[in-house]
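Reader: Hey, I've got a structure to learn my way around. Can we go through it together?

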Amino acid sequence: MAELTMVEALNKALHEAFSADDRVVLLGEDVAQTGGVFRVTAGLLKEYGGERVIDTPLSEAGIVGTAVGLSLYGLLPVVEIQFDGFVYPAFEQIVVHVARYGWRTNGECPANMVIRIPFGGGVRAPELHSDSPEALFAHSPGLKVVCPTTPSDARAMLLAAITHPDPVIFMEPKRIYRAGRQEVSDALPFDLGSTNGDASSLLSTARLAREGNDLVIFAYGATVPLSVEAAEKLKTDKGTSLRVVDLRSLYPLDVDAITSHASACGRALVVHEAPRTAGIGAEVSSLIHERVMLDLEAPVGRVTGFDVPFPQFANEDDYLPSVERIARGAEKVLSF
Amino acid sequence: MSTQEPLRIIGDGGELPDHPVPDGLGEKELLELYRWLVILRTFDERAVMLQRQGRVGTYPLYWGEEGTTAGALFACEDADWIFPSYRQCSVGILRGLPVATVLGWVRGYGGPAGFYNPRDYRLGPICVPIATHLPHATGVAWAAKIRGERTASLAWFGEGATSEGDFHEGLNFASVFRTATVFFCTNNQWAISTPVTRQMATRTVAEKAAAYGIPGIRIDGFDPLACYKAAKEALDRGREGGGPTLIEAFTYRIKAHGTADDPSLYRDETETQKWAQLEPVGRMASFLRRLEILDDDKNDELKAEAKEMVAEGVRGLESVEQPGPEVMFDYVYASDNPWTFTEGLEEVNSVARKPEAAPPQPPSPPSAGDVEIQPGSGAPGVEEA
């Protein structure tokens with residue numbers, strides 16, 4: 001048992017996956033010699049060698065495209081996209097091939113790879129280093145899209161994604177890569193040799209992050225701890241009791257958790273960094289309104305990024321959902 | 001290594017001389033390669049007829065490009081992986097893929113009537129988006145190399161594909177990691193209506209190989225033996241650790257891009273007729289006759305066999321039941337279907353389907369080998385060449 005940051009927990013998962021299955025290979029820009037720009041892949045090259053831990057040309061479509069071929073030949077690629085905004089050149093390979101290969105081959109050759117994408121803002125980075133493109137992938141049938149928030153989940157979900165038979169888009173909230181430590185067990189979270197229920201439920205279920213009864217906030221990634229903070233603030237300031245649910249799986253959404261929490265609280269708010277229109281929040285809101293509208297005391301609210309390009313970082317605090325904006329969004333729903 | 005004058009083996013029986021048959025091709029092999037050409041030609045002509053009869057959808061013709069497909073495939077070992085673009089959609093039948101499956105794909109069926117398991121035939125899925133299968137070919141040969149196996153890969157694509165980023169990325173990775181991959185470009189000079197001069201400012205495709213530090217070979221794409229020889233040398237070199245090769249099979253798109261295309265809108269068809277004189281099936285037949293390997297009887301026998309093979313495929317196609325709505329949801333995920341599929345199935349199954357339109361009366365079929373392309377006779381075409 002050790003206290004790990006998310007970066008360390010992800011690194012631990014990669015070491016465990018490499019050790020358990022020699023079909024696992026890692027491809028990406030600067031992932032081998034430097035261990036990745038965030039050091040998530042540190043130590044793998046030394047341990048497993050250059051045939052399996054591969055620094056590639058600077059070429060996202062090439063990385064994902066060749067990974068399709070590697071997968072077709074029986075390897076299990078883990079791909080690192082260095083930053084969120086760099087995934088767009090690979091978008092065609094992901095949507096046209098990675099997502100559809102199982103469908104196109106009678107289920108025989110799904111492109112079972114993991115595409116890791118550090119995403120989101122708040123790190124004072126240049127343009128296209130702070131995007132939240134997850135909805136693009138959630139809207140592309142054939143993919144699973146997940147996002148861990150805690151170190152423990154990051155480790156278990158990455159192992160689940162690597163052993164999962166379908167391609168998984170693995171969104172890593174880079175702002176909280178090193179935000180805190182959590183105890184992560186040395187024991188494996190599930191038997192890596194089998195695709196059992198524990199593993200697949202890690203890729204399809206939401207997690208209760210904070211108890212509460214007056215309103216439920218649905219969030220994922222870096223907006224989960226902000227939402228918890230907003231809930232604490234409203235508890236202190238107004239005595240209200242806010243529940244926070246970490247969605248974890250963005251496709252498929254955990255509809256049972258979403259509707260039951262919304263029903264139980266009667267009021268709901270969705271929070272994400274991505275632009276509002278056609279975002280994950282729109283889908284969560286629709287599900288609630290379609291299914292449990294009569295249990296609601298108020299329409300579902302949203303606190304999100306705006307429908308603008310992610311700003312130059314001088315303005316990123318204006319763009320990003322903050323504790324204050326989340327608290328105000330919650331109050332608006334509470335006072336409806 | 002790129003040369004302006006394409007490598008040629010088969011002459012014209014007149015001024016253009018024949019060159020020695022490539023090593024390893026005896027009488028038996030030459031006849032087998034010819035048999036493949038006849039199968040591809042027969043399939044292509046029949047598929048066009050089926051499209052005219054409304055029995056399959058828009059079909060990408062390859063009449064005249066059989067040599068690039070069969071010749072290159074003939075150079076592959078059984079374990080080698082091949083990656084077709086849609087213009088090589090029928091290449092799988094030379095590796096045992098049922099003709100009915102390819103026709104099912106053209107009829108708009110998904111799996112299993114129109115899709116197949118690539119691992120059964122070492123055959124990538126028929127690739128509709130341009131050039132995106134090139135990195136896949138690289139990846140397969142790369143995986144083989146990582147595993148210490150000799151498997152090579154070969155991908156076909158058109159000259160239009162060289163304008164796409166995936167062409168560069170596939171070749172660049174292959175050259176950096178020295179994978180045994182053959183990039184086989186069929187430069188038929190037309191991407192629907194766009195001439196090769198609008199695709200590139202280089203004089204040849206082959207010279208682009210210099211940008212990757214790999215061999216670039218230019219061959220006569222109407223010459224099946226040149227296609228074989230170039231591919232064989234490239235595959236052997238790759239297997240020995242020599243890395244990838246770019247081959248440019250210089251040819252001409254004799255027919256329309258697809259059954260919905262009308263080339264008279266954008267090019268001079270008298271020019272096309274000149275190129276058509278070079279077509280590979282007749283040219284190979286003449287060559288084999290000069291070598292006294294082929295006679296009328298054998299030729300008739302091969303054509304009859306191919307005709308029956310394709311006819312059997314058509315019968316297989318007609319025996320496939322119209323797929324129900326539930327097949328849309330099949331195979332999208334290898335793991336359990338997401339809950340949204342349950343709702344989707346419920347919804348689609350609750351709606352009465354339109355009765356199937358009666359198939360149109362077959363028009364009098366065009367004569368084999370001389371298929372007229374009618375404008376506006378089909379669904380919108382597959383994008384680009």
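Reader: Okay, which strands of chain A does helix 7 lie across?
Author: Helix 7 (residues 151-163) of chain A lies across strand 2 (24-28), strand 4 (76-80), strand 5 (114-119), strand 6 and strand 7 of chain A. Helix 7 runs at about 160° to strand 7 of chain A. Contact means heavy atoms within 4.5 Å, and axes are lines fitted to C-alpha atoms, for helices over the stretch in contact, with angles from 0 to 180 degrees between N-to-C directions. Helices (H or I, at least four residues) and strands (E, at least two) are DSSP runs, numbered from the N terminus.

Reader: Before I go on, what sort of model is this, and how is the numbering done?
Author: This is a predicted model, where local features need pLDDT of at least 70, side-chain atom pairs count only at pLDDT 80 or more, and totals for chains, interfaces and linings use all residues. Residues are numbered from 1 along each chain as its sequence is written, chains are lettered from A and ligands numbered from 1 in the order in which they are written, and side-chain values use heavy atoms, with hydrogens and water left out.

Reader: Cool. What's the strand order in the open sheet of 7 strands in chain A?
Author: The order is 3-2-4-5-7-6-12, with mixed pairing. Two strands pair if DSSP finds at least two bridges between them. Strand 3 (53-55) and strand 12 (249-251) of chain A stand at the edges with a single partner strand each, so one side of each has no neighbour in the sheet. From one strand to the next, the twist averages 20°.

Reader: And in which sense do strand 6 and strand 7 of chain A pair?
Author: Strand 6 (residues 144-146) and strand 7 (residues 168-173) of chain A pair in the parallel sense, over 3 bridges. In that pairing, Val146(A) stands opposite Phe170(A) of strand 7.

Reader: Switching to chain B: what order do the 5 strands of its open sheet have?
Author: They go 1-2-3-7-6, and the pairing is parallel. The edge strands are strand 1 and strand 6 (216-220) of chain B, each pairing on one side only. Strand 6 of chain B is joined by 5 bridges to strand 7 (residues 245-250) of chain B, and Gly216(B) has Leu246(B) in strand 7 as its bridge partner.

Reader: How many residues of each chain are in contact with the other?
Author: 44 residues of chain B are in contact with 49 residues of chain A. The two chains bury about 3,900 Å² between them, 63% of it on carbon and sulfur atoms. Buried area is the accessible area (1.4 Å probe) that two parts lose on being put together, summed over both. His136(B), Tyr333(B) and Trp339(B) supply 16% of the area that chain B buries against chain A, more than any other three residues.

Reader: How many salt bridges cross the interface?
Author: The rule finds 1 salt bridge across the interface of chain B and chain A, where a salt bridge is a side-chain nitrogen of Lys or Arg within 4 Å of a carboxyl oxygen of Asp or Glu. The side chains of Glu343(B) and Arg291(A) meet in a salt bridge (2.6 Å, N to O). Helix 5 (134-146) of chain B is among the elements that give two or more residues to the side touching chain A, and helix 5 gives the most, with 10 residues.

Reader: How many salt bridges does the structure hold over all chains?
Author: There are 40 over all chains. One of them has the side chains of Lys12(A) and Asp186(A) meeting at 3.0 Å, N to O. Lys12(A) lies in helix 1 (residues 6-20) of chain A and Asp186(A) in the loop between strand 8 (182-184) and helix 8 (197-202), so the pair ties together parts that are 174 residues apart in sequence.

Reader: Last topic, which peptide bonds are cis?
Author: Those I can point to include the one from Tyr251(A) to Pro252(A), with omega near -5°, and the one joining Gly111(B) and Pro112(B), with omega about -5°. Pro252(A) is in the loop between strand 12 and helix 10 (255-265) of chain A, and Pro112(B) lies in the loop between helix 3 (99-106) and helix 4 of chain B.
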